[in-house]
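Here are my notes from a pass through the model, jotted down for whoever is at the bench next. Have the structure open while you read.

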Amino acid sequence: MATGLRNVAERAGDGAGQPILDVDNGEELMHVQSGVAIVLGNRPPKSPGTLYISNRQVVWLSDTDRAKGYAVDFYSVSLHAVSRDPESYPSPCIYAQIEASGNEEDELEDSDSENDDALTLSKVTEIRLVPSDPNQLDTLFHIFCECAELNPDPLEEEDSDNDWVFSGDVMAANAEDDDNPEWDVLQNRTHSIGANGNHDLVHSVVRLQINDQRFEDAEEMERNETNGRH
Amino acid sequence: MLFFSYFKDLVGREVTVELKNDLAIRGTLHSVDQYLNIKLENTRVVDQDKYPHMSNFLVCQLSVRNCFIRGSVVRYVQLPPEGVDVELLHDATRREARGG
């Protein structure tokens, strides 16, 4: 699902313009921050620019060059944090790691820092977003968190070849079980991240419930199949 | 949601999150959500070689700032031994795998 950092060469509107959003599929703008420089990997910062955060992606558009912009889906943002340590970067910024999509065997060399072709960009694994107003950092961090939570990985198709290994007693229990496990639809609860309580571990584990279809049994095995299948 | 429930009960404890890119980050578990997105505080990098900027940044960040880690990039979450009842966890997971 992760696609890595990519170029944004087109914009909507006049002047400095805006990113083109997939409005028909529900993409909407969550936050706009002007006066933001972007740093790709170890390269020099690019500015001035404006940061657009939608519910799907982060877009940085240069204020001066309409052809220069970068975007990354939240699917590809592995982690993000506020960086205030002057030793790692002189200005306070949002630091983010990007799950790169490039091939491992290609050499990653920063031979030309202005070379923004798709191949080079897809290998960028670290970016920094440096607002001219550092007081905006906490807001940016929280919006990143919110939007990341809106973009979990979509559930994949269950493999027909589920290589679960059972012990002998579990196999016997399954053979007796006539019920077909129902495929519970994953509830669309929005558990926002917040401070959770510190409950007694033992009692909580005993009372655990699972309604996640990922933990459901594979299809019932044929009675004729041997126990050797695994 | 076995692991979501399980991690909720580890909030406040020291954990080490190992990402699929081999980076390992140690910190206090601040919170977790149903997708196993993880927020850590007091974070510091365990393996400092691959991301030197990351390690410098994290080593100097004490107690104040959160780090948000996407659940899908987590490979392992290393737990404090005193926070784990292995037998109980075995039973719970075996029970759930059985569908019972």
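1. A:Cys147 is buried, because its relative accessibility comes out at 0% and anything under 20% counts as buried. Keep in mind that this is a predicted model, so take it as a computed picture.

2. What about a bond for A:Cys147? The closest cysteine sulfur belongs to A:Cys145, and at 9.5 Å it is too far away for one. A disulfide needs the two sulfur atoms within 2.5 Å, so A:Cys147 and A:Cys145 don't pair up.

3. A:Cys145 is buried too, with a relative accessibility of 2%. How many disulfides turn up in the whole structure? Searching over all chains gives zero. A:Cys145 fits with that: this residue is in no disulfide, and the nearest cysteine sulfur sits across in the other chain letter, at B:Cys67, 9.3 Å away.

4. Now the layout of chain A. You'll find nine strands and four helices in chain A. Walk along the sequence and the pattern reads β-β-β-β-β-β-β-β-α-β-α-α-α.

5. On contacts, take the pairs in chain A whose residues are at least 6 apart in sequence: 66% of those contacts join residues at least 24 apart.

6. Last, burial and surface. Chain A has 230 residues, and 37% of them count as buried; A:Cys147 is one of the buried residues. The area that chain A exposes is about 13400 Å², with carbon and sulfur atoms supplying 45% of it.

Methods:
Residues numbered from 1 in each chain as written. Chains lettered and ligands numbered in written order. Predicted model: local features only at pLDDT ≥ 70, side-chain atom pairs only at ≥ 80, totals over all residues. Heavy atoms only, no water. Buried < 20%, exposed > 50% of the residue type's maximum accessible area, 1.4 Å probe, protein only. Helix = DSSP H or I, 4+ residues; strand = E, 2+ residues; numbered from the N terminus. Contact = heavy atoms within 4.5 Å. Areas by Shrake-Rupley, 256 points an atom, 1.4 Å probe, with all protein chains shown as cover.
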